[in-house]
Amino acid sequence: MFKINDNYLKLPGSYLFSTIAKKVNAFEAANPDKTVIRLGIGDVTQPLAPVIIDALHGAVDEMGKAETFHGYAPDLGYEFLRTAIAKNDYADRGCEIAADEIFVSDGAKCDSGNIQEIFSVDNKIAVCDPVYPVYVDTNVMAGRTGTYDPKTEMWSDVIYMPCTAETDFAPELPKETPDLIYLCFPNNPTGATITKAQLQEWVDYANKVGAVIIYDAAYEAYISEADVPHTIFECEGARTCAIELKSFSKNAGFTGTRLGYTVIPKDLKCGDVMLHSLWARRHGTKYNGAPYIQQRAGEAVYSPEGKEQLAKQVAYYMNNAKVIKEGLQEAGYTVSGGVNAPYIWLKTPDGMTSWEFFDYLLANANVVGTPGSGFGPSGEGYFRLTAFGTYENTVAALERIKKM
Ligand code: MLT
């Protein structure tokens with residue numbers, strides 16, 4: 001008789017954004033006359049930039065001709081894209097990352113979920129609290145997190161690093177020593193950032209204790225302040241302790257197109273073993289590469305026109321962030337984020353729980369957001385709104401919220 005991976009049974013409830021979608025669908029079915037505005041999941045709404053559409057069309061045409069047709073992509077990514085990434089995202093920022101240290105994939109969510117596979121199940125993870133749920137849930141699936149306490153909403157074998165208003169939503173170095181440290185800056189969900197000096201402390205700490213930092217930089221394009229690092233590889237010593245995850249979803253609107261990459265420097269080793277080799281082995285065995293068409297679209301992101309068009313797109317969303325932040329402040333809410341990130345983090349009013357506020361907002365303003373507690377116990381009493389809606393919907397949502 002077969003057995004299942006019963007670690008899956010330990011997962012409480014369904015994936016956060018699936019739970020929200022179900023609730024919203026039920027609300028819409030019961031209230032067909034209401035127009036719901038979705039500022040919940042961080043999904044983009046602007047169409048792909050013209051330069052990307054041109055690249056996609058060009059690549060599709062190539063696929064239709066025998067002489068330019070492409071079959072399986074190289075499993076680590078096409079050279080043209082890896083070279084563009086190495087130059088634009090690293091060399092131009094003074095960071096030493098070679099093209100062959102970049103692994104192209106179909107997105108950062110998959111990579112952030114899969115990367116734990118190359119580590120021993122005995123490793124102890126440390127996560128920010130609140131946290132993007134994928135980091136924790138995938139470690140639960142792997143059997144790395146111990147038992148779940150529904151009262152505290154915590155796993156016995158996970159080190160939680162509370163990110164609260166008292167610390168400007170930044171984590172502090174943990175008292176217990178972790179093996180793997182998940183960091184995401186600019187942060188999802190709080191929209192907070194840390195300075196380069198703060199990130200350097202994490203890199204120094206990881207090198208000292210022999211931990212690996214899994215650094216999710218998916219929201220890097222939204223950084224507007226000068227002392228916020230764009231990549232962990234700006235920090236000295238990061239090549240021996242850090243893996244970086246990057247996405248094309250948020251900077252270039254690829255949530256539906258799918259493209260991302262992971263950087264593993266060859267200096268990152270466990271004894272004599274390069275983590276680079278393990279991830280390469282995993283890619284080779286389990287993955288046939290991101291499609292050629294998407295990789296050509298990714299290359300266009302780095303063209304001069306691409307940079308110009310995408311800067312406008314980012315500015316469009318950041319204007320929404322400003323509308324949300326200022327609108328909420330006018331309405332008397334306590335708000336943070338929204339300056340270096342497309343997420344606004346607000347304190348729920350009148351001592352409501354995060355889910356109470358979710359229901360209240362949906363019923364009274366017909367606006368969907370994300371309950372902070374869905375990201376971890378320290379998110380309780382907080383709520384996240386995304387700036388990825390359209391400008392018109394964002395303005396309308398804030399008008400409704402102000403009237404509540
Ligand atoms: C979110 O809303 O937190 C994001 O959409 C998550 C993701 O990018 O997978």
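A residue counts as near the ligand if one of its heavy atoms lies within 4 Å of it. These legends describe a predicted model, in which local features need pLDDT of at least 70, side-chain atom pairs count only at pLDDT 80 or more, and totals for chains, interfaces and linings use all residues. Residues are numbered from 1 along each chain as its sequence is written, and side-chain values use heavy atoms, with hydrogens and water left out.

**View 1. The shell of residues around the ligand.** Here you can meet the neighbours: Phe17, Ile41, Gly42, Lys109, Tyr132, Asn188, Tyr219, Lys250, Tyr343 and Arg384. By class, this shell has five nonpolar, two polar and three charged residues; Ala, Val, Leu, Ile, Met, Phe, Trp, Tyr, Cys and Pro count as nonpolar, Asp, Glu, Lys and Arg as charged, and the others, Gly among them, as polar.

**View 2. Polar contacts of the ligand.** A polar contact here is a pair of N or O atoms within 3.5 Å. Gly42 offers a polar backbone atom 2.6 Å from a ligand oxygen. From the side chains, a polar atom of Arg384 lies 2.7 Å from an oxygen atom of the ligand, and one of Asn188 lies 2.8 Å from a ligand oxygen. On its own the ligand has 270 Å² of accessible area, and the protein covers 86% of that (Shrake-Rupley method, 1.4 Å probe).

**View 3. The pocket that holds the ligand.** The ligand sits in the second largest pocket, meaning that more than half of its atoms lie within 2 Å of the pocket's grid points. A pocket is an open set of points on a 1 Å grid over the protein atoms alone, where a 1.4 Å probe fits, with protein on both sides within 12 Å along at least five of seven lines; lining residues have an atom within 4 Å of a point. The volume of this second largest pocket is about 430 Å³. Among its 21 lining residues, Gly42, Lys109, Tyr132, Lys250 and Arg258 are the closest to the centre. Nine of the lining residues are nonpolar, six polar and six charged.

**View 4. The largest pocket.** This pocket encloses about 710 Å³ of space. It is lined by 30 residues, and Pro12, Ser14, Pro133, Asp137 and Gly374 are the closest to its centre. The lining is made up of 17 nonpolar, nine polar and four charged residues.

Key:
A polar contact is a pair of N or O atoms within 3.5 Å; within protein, one must be able to donate a hydrogen and the other to accept it, and residues adjacent in sequence count only if both atoms are side-chain atoms. Grid points are joined across faces, edges and corners, and a volume is the space filled by probe spheres set on the points.
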